[in-house]
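Let's take a walk through this model, one helix at a time, and see how the pieces fit together. Keep the structure open beside you and follow along.

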Amino acid sequence: MVDTGTIRTVVGIIGNVISLGLFLSPIPTFWRIIKLKTVADFKPDPYVATLLNCAMWVFYGMPFVHPDSILVITINGAGLVIEFIYITIFIIYSPGSKRKKIFIALVTEVIFFVIVVFVVLYCFHTTKRRSLIVGIICIVFNILMYASPLTIMKMVIKTKSVKYMPFYLSLTNLLNGVVWVVYALLKFDINILNHPMG
């Protein structure tokens, strides 16, 4: 008989693969941006939000915060690199005013992240407390990450076109959520259960 830990690992690996697909799903959008040499009406909000979300989940998965979370670290570490590449492309092909807003958002995220790491490591001395605090923060940023594409909804409604809201991104989000819910339920982890991206 297969134990729950093995099943959870297999489900987590499947979750990593699907999550990687989710992180890579905007590639056609970025090819278009590179080809046209402009971001046009695309918004950086989802990518900037996802960058911080991935950074927080990598921190959550660290052994000194939440032990035995290597699959959380691997996929969110990959997501961190991928989102950074997307944001770099956005910065290169954005006009000055949009570029300035992106830089301000990134600096704010770095400052926030450093403060969280410092406070958690110096004020909370058990993995149980650290997991709780970082987990709550991760859930809040998870909500922001999933809400950020809604900034595109105004454009979708205005233009009556889903051109700015890719279908594969939505489909992969759904599959991703289902797999990570199963993963979280196998070894009940309320924080991952509330964050369908591992």
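Start with α5, which has 28 residues and runs 40 Å from its first C-alpha to its last, close to the 40 Å expected at 1.5 Å a residue. Bear in mind as you look that this is a predicted model. Which residues of α5 are buried? They are Ile-102, Leu-106, Glu-109, Val-116, Val-117 and Val-120, so by name you'll find a glutamate in that list.

Further along α5, look for Phe-118 and Tyr-122, which sit four residues apart in this helix (residues 96-123), or about one turn. Both of these residues are exposed. We'll come back to their rings in a moment.

Now bring in the neighbour. α4 and α5 pack at an angle of about 150°, and their axes are 9 Å apart. From α4, the contact uses Ile-87, Phe-90, Ile-91 and Ile-92, while α5 brings Lys-98, Arg-99, Ile-102, Phe-103 and Leu-106. Sort those residues by type and you get seven nonpolar, two charged and no polar ones. Two of the α5 contact residues, Ile-102 and Leu-106, may look familiar: they're also among the buried residues of that helix.

Next, the aromatics. How many aromatic pairs turn up in a search of the whole structure? The count is nine. One of them joins Tyr-47 to Phe-90, with 6.0 Å from centre to centre and 40° between the planes, which makes it a tilted pair. Tyr-47 belongs to helix α3 (residues 45-61) and Phe-90 to helix α4 (residues 70-92), so this pair ties together parts that are 43 residues apart in sequence. Are Tyr-47 and Phe-90 buried or exposed? Both are buried.

Compare that with the pair we left waiting in α5. The ring centres of Phe-118 and Tyr-122 are 4.7 Å apart and their planes meet at 35°; planes between 30 and 60 degrees apart count as tilted, so this pair is tilted. Unlike the buried Tyr-47 and Phe-90, Phe-118 and Tyr-122 are exposed.

Tyr-47 and Phe-90 also have company, since they form one aromatic cluster with Phe-30 and Tyr-86. Phe-90 therefore shows up twice in this tour: in the cluster and in the contact of α4 with α5.

That leads us to α3, the home of Tyr-47. This helix has 17 residues and spans 24 Å between its first and last C-alpha, close to the 24 Å expected at 1.5 Å a residue. It is mostly covered, with 16 of its 17 residues buried.

The loops on either side of α3 each hold a backbone detail. In the loop between α2 (27-36) and α3 you'll find Ala-40, whose phi is near 50°, a positive value in a residue other than glycine. Ala-40 is partly exposed, at a relative accessible area of 41%. In the loop between α3 and α4 sits Asp-68, with phi near 60°, again positive in a residue other than glycine. Asp-68 is exposed, and its relative accessible area is 64%.

Finally, here's how the record lines up with the model. An unreviewed UniProt entry annotates residues 12-34, 46-64, 70-93, 102-125, 131-153 and 165-186 as "transmembrane region". Over residues 46-64, the model is 84% helix and 0% strand, with the end C-alpha atoms 29 Å apart. Residues 70-93 are 96% helix and 0% strand, and their end C-alpha atoms lie 35 Å apart.

Note on methods. Residues numbered from 1 in each chain as written. Predicted model: local features only at pLDDT ≥ 70, side-chain atom pairs only at ≥ 80, totals over all residues. Heavy atoms only, no water. UniProt positions renumbered as here; feature names shortened; annotations may be inferred. Phe/Tyr/Trp six-rings, centres within 6.5 Å; stacked < 30°, edge-to-face > 60°. Buried < 20%, exposed > 50% of the residue type's maximum accessible area, 1.4 Å probe, protein only. Axes fitted to C-alpha atoms, helices over the stretch in contact; angles between N-to-C directions. Contact = heavy atoms within 4.5 Å. Nonpolar A, V, L, I, M, F, W, Y, C, P; charged D, E, K, R; others polar. Expected span 1.5 Å × (residues − 1).
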